[in-house]
Amino acid sequence: MSFLENNLVALEEEHPYLHKKITDYMQSPGDIKDSFVVEQAKDATNIIGIIRDGRKIMLNSTYRPEEEAKKYAGKICLTENSITVFMGMGNGIILTEIGKKLNKEASLLVYEPSAELFCFVLEHFDMTKLLKDERVTFYVEGMNEGLLSNDLSFFLTNINIGVTVLEYHPKYRELFPEQCEKFKQVFQECRESALTNLHTIINRSEFMTKNAIANVKYLLRSKVASDFVDRFPKDMPVILVAGGPSLDKNYEVLHQAKGKALIIAMDRTARFLLDRGITPDLFCSLDYAKNIELFRDERLRDIPFLYIPDLSHSVLQLVDGRQLIYGGGDYKLYEWLIHQYGKKKPEIPFGGSVATFAFSFARYIGAKRLILVGQDLALTGGKTYAGGLKNARPDAEKMDRLMVPGNVEEMVETRGDFYIYLIWFNQAVREAEGKMEVINATEAGAKIEGTKIMTLQEAVDVYCQKEYSIADIFEEVQPIFSENDIPEVYNLLKKMGKELNKLKKMAKDAARSAGRCKTLTERSDLGKEFKKENKELSRIAKMFDEGVAANLVDRYMEHLLIQKDLDLYVTEDDNEKEMLRLYEKLEHDYNIIYENMDELIEQYNGMLEDVKDEYQIKQ
C-alpha cells in the first residue's frame, strides 16, 4: 500500500470525521494556492518545501532535520499531563519528537492551516504512527478547525492548565501569519474560558462536599453497586433511556420491553416514563444541584435509585426509599466505611453526565447487550429534551453549534457539551467492543461510532423476547449495613470526626513551620533548625496526603486553594527564589485550611447528629 492509502486507513480508524472531510476535499480540492516539493536533506532524510510566489521555502533543516527537530522539541517545557497546542503539521518530524517527550496522560493538539499541505503530506510521508497515537488530535483549516475550542475546553483541568503550552512550527509564522494570529487568539480565549469554568466548577467543591457529608445517613441504608456485578442473566439486554427529543416518537415501544430487559432511566426521564405508564427498573442521577422538581413524585421512592455521594442532598431526601444503590465516587469516607464491612468500592467511570454514568454501570455489572434510546446528543428538531422540557443551563443558548454525522440523517446540529459526551461515547463503545454489543435505537441525533443502528421496535423484536424476574434480583441484594451494624458504624464516624480536629491543629503547626522555613531561607540559614522544621513539614504533609479525614479536607477546601495550585507550575529559575515560593505556598495553604476547618467540622458534626436521630442511636 502507498503512503496515502496507509495514512487514510489510520485517519479513518482514529479520526473518522476528519477522514470524511479530507476524502471529500481530495475529490474536489477547489483553487490550489500553493505547490509543494519533497527533497532530500544532506543526511538523506526526506523533507518538505512550499513553493509560493516563485520562492521555495523548506519546512525542515536542509542538513540534519531530525537532529534539529530534537533540539526544537527539547526547548518546549513539557511535564506529566501537559497539553501541547501546536500550529503546523509540517511533515511530522517535529511532532514525532514532541511525542517522544509526552507521557500517556499528555495531549498534543495539532492545527494545520493548509488542507492542501495536509493532503500532500498524507501522500508523500508515513504519518501512521502519529495518526494512530491516541494522544494526538489533528485539526485542519476548513475541515474540522471548529472542534479545537471544544476539545481544548474538554481536556483542560486544574491539574494541567498550568502546563498547557502554545507552540508554532518554525516556518509557519512566516507562511501563515493571519492563521497564526487567529490560532493564538483561539488558544487564549479557550484558556481564559477554561480558567473561568474551572473556577466555577471548583467553587462547587464546597457545596458538593457538603452534600457528600450530609448524604452519609443514606449510605447507611443503601446497597452497593459492586454487589450487582454478574447478578443479572447474561442474555438479558439493558435499555438505557435518555431524555433526548427523539424519545417522544418511540417511547411506547418500551411497554413491550418491560420485564424483558433491564430498563434504566436517566434522572428526568424517570417521571417522563411513569407519566406514560412505564415503570423503569432503575433510575440514576449524579448532579450536585439538580432541579428537585424533577424528583417530586412519590412513585420514584419505590424504584431502585443509583446515586453518587455528592448528589444533591435535596434529591436524596425526596427519593429516599428502600432501594438506594451507592454507585461509587472519590470520597474516601464512603470507601472506608463500606470496606469495614467487606464491601468492594464500585469502579464506575462517571464520564460527566448521567447517561455516561448509566452506560458505565451497565458495563460494570456485566451487561452483554446494551440498547440506547433517546441518546440524541444533538438538537433534534431544534429541541433539547423529550416532553417539551427546556434546558435549564443559563449558558445553553450561547454554546457553540457544530455539525456532526447523524444516526439517521447525514449531518445533524449539536452543541459543545453534547459533542464532548459524543466523544466519550465513541471511546467507550470502542473499549467495550467484544465484551458488550451496543445498539443505537435512538432513531435520530448524532451517530455514535461502533454502535449497531436499529429502530427501537426492531431491537425489542429481536432481543427482548424472554421474561426475567428483575425486581427479585434487586430484592435479593442486601444493604451494606444491617440494622445491628448501625451503632458501630456511628462510632466509626465519630472517631473520624476526631481526626478532623487533629488535622486542624496540624494545619496550624504546618503553617508556622513553613513560615519559619521561609524566614530561615531568606537568611540563608539552612542548619539544624531548618532541617527540624522541614522534617515536621514532611510529617504533616504525609498526614494530609493520605487518610479519610484528609480527603474530606482536600475536597472541602479545593475552591480556596485552586489559584495557588495553578501557580505551582510557574517555577523560578533561581533555586533560592523557588524555595521561598514553595514555602510561601505551603504557609498560605495551611493557613487557609486552619481558618476554614471549623466550618467543615460543623458540617460533619451536623451529619453525626442526623445519623443519631435518624437511626435512634442512644449514646
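His339 is exposed, at a relative accessible area of 56%. The cut-off for exposed is over 50%, so His339 qualifies. Keep in mind that this is a predicted model. Where does His339 lie? In helix 15, which covers residues 332–340. Now look along the chain to Ile480. His339 and Ile480 are 141 residues apart in sequence. Their C-alpha atoms are separated by 9.7 Å.

Next, a helix with another character. Helix 10 spans residues 205–214. Is helix 10 mostly covered or mostly open? Mostly covered: eight of its ten residues are buried. The buried set starts with Ser205, Glu206, Met208 and Thr209. Asn211, Ala212, Ile213 and Ala214 complete that set. Buried here means under 20% relative accessible area.

On to helix packing. A pair of packed helices is described by the angle between the axes and by the distance between them. Take helix 1, residues 3–14, and helix 5, residues 115–124. Their angle is about 115°, and the axes are 6 Å apart. Which residues make the contact? From helix 1, we have Phe3, Leu4, Asn7, Leu8 and Leu11. From helix 5, Val121, Leu122, Glu123 and His124 take part. Sorted by class, this contact has six nonpolar residues, two polar and one charged.

Now the sheets. Strands of a sheet pair through backbone hydrogen bonds, and the pairing is either parallel or antiparallel. We have an example of each.

Parallel goes first. Four strands make an open sheet, in the order 6-5-4-7, with parallel pairing. Why is one side of strand 6 and of strand 7 left without a neighbour in the sheet? Strand 6 (136–140) and strand 7 (164–168) stand at the edges, and each has a single partner strand, so one side stays unpaired. On average, neighbouring strands in this sheet are turned by 15° against each other, ignoring direction. Inside the sheet, take strand 4, residues 83–87, and strand 5, residues 107–112. Five bridges join these two parallel strands. Val85 sits opposite Leu109 of strand 5.

Then antiparallel. Strand 15, residues 401–405, pairs with strand 16, residues 411–415. The pairing runs antiparallel over five bridges. How many residues does the hairpin use to join strand 15 to strand 16? Five. For one bridge by name, Pro405 has Met411 of strand 16 as its partner.

That's the tour. Questions, please.

Technical notes
Residues numbered from 1 in each chain as written. Predicted model: local features only at pLDDT ≥ 70, side-chain atom pairs only at ≥ 80, totals over all residues. Heavy atoms only, no water. Pairing = 2+ DSSP bridges. Axes fitted to C-alpha atoms, helices over the stretch in contact; angles between N-to-C directions. Contact = heavy atoms within 4.5 Å. Nonpolar A, V, L, I, M, F, W, Y, C, P; charged D, E, K, R; others polar. Buried < 20%, exposed > 50% of the residue type's maximum accessible area, 1.4 Å probe, protein only.
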